[in-house]
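Morning, everyone. Please have the sequence and the model open while I talk. I'll start in the middle and work outwards.

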Amino acid sequence: MKYAKTFSSFSVNDLQKAKEFYTNTLGVEATENAMGILDLKLPGGNAVIIYPKPNHEPANFTVLNFAVEDLDKAVDELTAAGVKFEQYNFGEMKTDEKGIMRGNGHGPDIAWFKDPAGNILSVLKG
């Protein structure tokens, strides 16, 4: 089988809030198409569609990751834009006061946050 294109998708309960968040807070190009679906144009040519779902339930896992060169700077900028980072405790691996889990050889440095619909996103050192 040969695929012409691949993309990811997830739902939200309010498309306009999602569009404002992804465009204004995260700085992602987000356009609503004729079908009432939000198209995200991501760096590297990646694409995600976000569709409205009245009975939306956010996933309990990360649906979208943003790799950044300077994680501390990205977390500071997003915090200044009103993003609240999640605090987790995975045994020895815990998030710090900024919400960053330092991998320390056990994985990437990563920080999780939620979009307005409760979907889990992350920024990570990449």
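First, a term. A nonpolar core is a set of buried Ala, Val, Leu, Ile, Met, Phe, Trp, Tyr and Cys residues, joined through side-chain atoms within 4.5 Å. Buried means under 20% relative accessible area. Keep in mind that this is a predicted model.

Now the core itself. Which residues of the largest nonpolar core touch the most other members? They are Y22, L26, L40, I50, L64, F113 and V123, out of 29 residues in that core. Several elements give two or more residues to this core. On the strand side, they are β1 (8-12), β3 (38-41), β4 (47-52), β5, β9 (110-114) and β10 (120-125). The helices α1 and α2 are on that list too. Which element gives the most? That is α1, with four residues.

So let's look at α1. This helix covers residues 15-25. Its buried residues are L15, A18, F21 and Y22. Why do these sit on the same side of the helix? Because they cover an arc of only 130° around the axis. Turn to the other side of α1, and you find K17 and N24 exposed.

Check the two ends of α1 as well. At its start, look at D14. A side-chain oxygen of D14 comes to within 3.1 Å of the backbone nitrogen of Q16. After the helix comes G27. The phi of G27 is positive, near 70°.

Next, the largest pocket. It holds about 340 Å³ of space. Its lining has 17 residues. Which of them are closest to the centre? L26, V28, P43, F66 and V68. You have met L26 already, in the core. Two elements give two or more residues to the lining: β5 (62-68) and α2 (71-80). The biggest share comes from β5, with five residues. What kinds of residue make up the lining? Twelve are nonpolar, two are polar and three are charged.

Now a quick tour of single residues. Start with S11, in strand β1. Is S11 buried or exposed? S11 has 8% relative accessibility, so it counts as buried. Its side chain has a partner: a polar contact of 2.6 Å joins S11 to the side chain of H56.

T95 comes next. Find it in the loop between β7 (93-94) and β8 (100-101). T95 counts as buried because its relative accessibility is 10%. Which side chain does the side chain of T95 contact? The partner is Q87, in a polar contact of 3.0 Å. A polar atom of the T95 side chain also lies 2.9 Å from the backbone nitrogen of Y88.

W112 is in strand β9. With 10% relative accessibility, W112 counts as buried. Now compare sequence and space. W112 and E86 are 26 residues apart along the chain. Their C-alpha atoms are 5.5 Å apart.

T31 is in strand β2, residues 29-32. What about its accessibility? At 35%, T31 counts as partly exposed. How far is its C-alpha from that of K41? The separation is 8.5 Å, and the two are ten residues apart along the chain.

Last stop, K5. You'll find K5 in the segment before β1. K5 has a relative accessible area of 62%, so it is exposed. Pair K5 with G99, 94 residues away in sequence. How far apart are their C-alpha atoms? They are separated by 35 Å.

To wrap up, go back to two places on your screen. One is α1, with L15, A18, F21 and Y22 buried. The other is the largest pocket, where β5 gives the most to the lining. Thanks for listening.

Notes
Residues numbered from 1 in each chain as written. Predicted model: local features only at pLDDT ≥ 70, side-chain atom pairs only at ≥ 80, totals over all residues. Heavy atoms only, no water. Buried < 20%, exposed > 50% of the residue type's maximum accessible area, 1.4 Å probe, protein only. Arc of directions from axis to C-beta. Polar contact = N/O pair within 3.5 Å; in protein donor to acceptor, adjacent residues only side chain to side chain. 1 Å grid on protein atoms, 1.4 Å probe; cavity = no way out; pocket = protein on both sides within 12 Å on 5 of 7 lines; lining within 4 Å. Points joined across faces, edges and corners; volume = space filled by probe spheres on them. Nonpolar A, V, L, I, M, F, W, Y, C, P; charged D, E, K, R; others polar.
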